[in-house]
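Visitor: I would like a close look at one part of this protein, the part that is packed away inside. Please take me through it step by step.

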Amino acid sequence: MPEDDLVDIKFRLYDGSDIGPFRYSSAATVDMLKQRIVSDWPKGKTVMPKSANEVKLISSGKILENNKTVGQCKVPFGEIAGGVIIMHVVVQPSLAKTKAEKKIDDSPKKVVCSCSIL
């Protein structure tokens, strides 16, 4: 694989810490990057993704789609030769989990009217 085909990527987490940098082929997919993030996620963080589906990658202000390759996501202008691309990582828990948590929190509440008629 030619050296020009390799891209260095660093992943910036919500608290400002980083994972990486790692070297990827331009043909690597965004889904492969997400799998790597989940497997290398630092222990002890308050927010932890359980699967790659909970991870969103943002590069140059755009959320990257799973089927795109690293080569398709690179911004052609403003890159420094041999520089590291920084992608921001957002963890978004799955919708099924949040619905289950809401059901637990929905305890019957008393409706109290505090109207006063004078």
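What percentage of the 118 residues in the chain is buried? And which residues make up the inside?

Guide: The model shown here is predicted. Buried residues make up 26% of the 118 residues in the chain. The accessible surface of the chain comes to about 8500 Å², and carbon and sulfur atoms hold 56% of that surface.

Before the inside, a word on the layout. The chain has three helices and five strands. Read from the N terminus, the elements follow the order β-β-α-β-β-α-β-α. Among the contacts with a separation of 6 or more, 57% are between residues 24 or more positions apart.

Now the core. In soluble globular proteins, nonpolar side chains tend to be buried together. The largest nonpolar core of this chain has 21 residues. The members that touch the most other members are Ile-9, Phe-11, Leu-33, Ile-37, Leu-57, Met-87 and Val-89. At least two residues of this core come from each of strand E1 (6-12), strand E2 (18-25), helix H1 (30-39), strand E3 (55-59), helix H2 and strand E5 (84-91). Strand E5 gives the most, with four residues.

Take Ile-9, which lies in strand E1. Ile-9 counts as buried because its relative accessibility is 0%, and the cut-off for buried is under 20%. Leaving out residues up to four places away in sequence, Ile-9 touches Pro-21, Phe-22, Tyr-24, Leu-33, Val-70, Val-84, Ile-85 and Met-87. The C-alpha atoms of Ile-9 and Gly-83 are 8.9 Å apart, although 74 residues separate the two along the chain.

One of the residues that Ile-9 touches, Pro-21, deserves a short stop. Pro-21 has its place in strand E2. The peptide bond that joins Gly-20 and Pro-21 is cis, with an omega of about 15°.

Next comes Val-89, in strand E5. Val-89 has 6% relative accessibility, so Val-89 counts as buried. With neighbours within four places in sequence left aside, the contacts of Val-89 are Phe-11, Arg-12, Leu-13, Tyr-14, Ile-37, Trp-41, Val-55, Lys-56 and Leu-57. Val-89 and Ile-58 are 31 residues apart along the chain, and their C-alpha atoms are separated by 6.5 Å.

Val-55, one of the contacts of Val-89, is found in strand E3. Val-55 counts as buried because its relative accessibility is 0%. Beyond the neighbours within four places in sequence, Val-55 is in contact with Lys-34, Ile-37, Val-38, Pro-49, Val-89 and Val-90. Ile-37 therefore appears in the list for Val-55 and in the list for Val-89, and Val-89 counts as buried at 6%. From C-alpha to C-alpha, Val-55 and Val-91 are 4.8 Å apart in space, with their positions 36 residues apart in sequence.

Further along strand E3 is Ser-59. Ser-59 counts as buried, because its relative accessibility is 7%. Apart from neighbours within four places in sequence, Ser-59 is in contact with Leu-64, Cys-73, Ile-85 and Met-87. Met-87 is also one of the core members that touch the most others, and Ile-85 and Met-87 are both among the contacts of Ile-9.

Ser-59 also leads to a pocket. The second largest pocket has a volume of about 180 Å³. Ten residues line this pocket, and those closest to its centre are Ser-59, Lys-62, Leu-64, Gln-72 and Cys-73. Strand E4 (62-63) and helix H2 (70-73) each supply at least two residues of the lining. By class, the lining has four nonpolar, three polar and three charged residues. Two of the residues closest to the centre, Leu-64 and Cys-73, are contacts of Ser-59 as well.

The last stop is Ser-60, in the loop between E3 and E4. Ser-60 counts as exposed because its relative accessibility is 54%, whereas Ser-59 counts as buried at 7%. Ser-60 is not a glycine, yet its phi is positive, at about 55°.

Technical notes: Residues are numbered from 1 along each chain as its sequence is written. This is a predicted model: local features need pLDDT of at least 70, side-chain atom pairs count only at pLDDT 80 or more; totals for chains, interfaces and linings use all residues. Side-chain values use heavy atoms; hydrogens and water are left out. On a 1 Å grid over the protein atoms alone, a cavity is a set of points where a 1.4 Å probe fits but cannot get out, and a pocket is an open set with protein on both sides within 12 Å along at least five of seven lines; lining residues have an atom within 4 Å of a point. Grid points are joined across faces, edges and corners, and a volume is the space filled by probe spheres set on the points. Ala, Val, Leu, Ile, Met, Phe, Trp, Tyr, Cys and Pro count as nonpolar, Asp, Glu, Lys and Arg as charged, and the others, Gly among them, as polar. A nonpolar core is a set of buried Ala, Val, Leu, Ile, Met, Phe, Trp, Tyr and Cys residues joined through side-chain atoms within 4.5 Å. Buried means under 20% relative accessible area, exposed over 50%, partly exposed in between (1.4 Å probe, protein chains only). Contact means heavy atoms within 4.5 Å. Accessible areas come from the Shrake-Rupley method with a 1.4 Å probe; for residues, only the protein chains shown count as cover.
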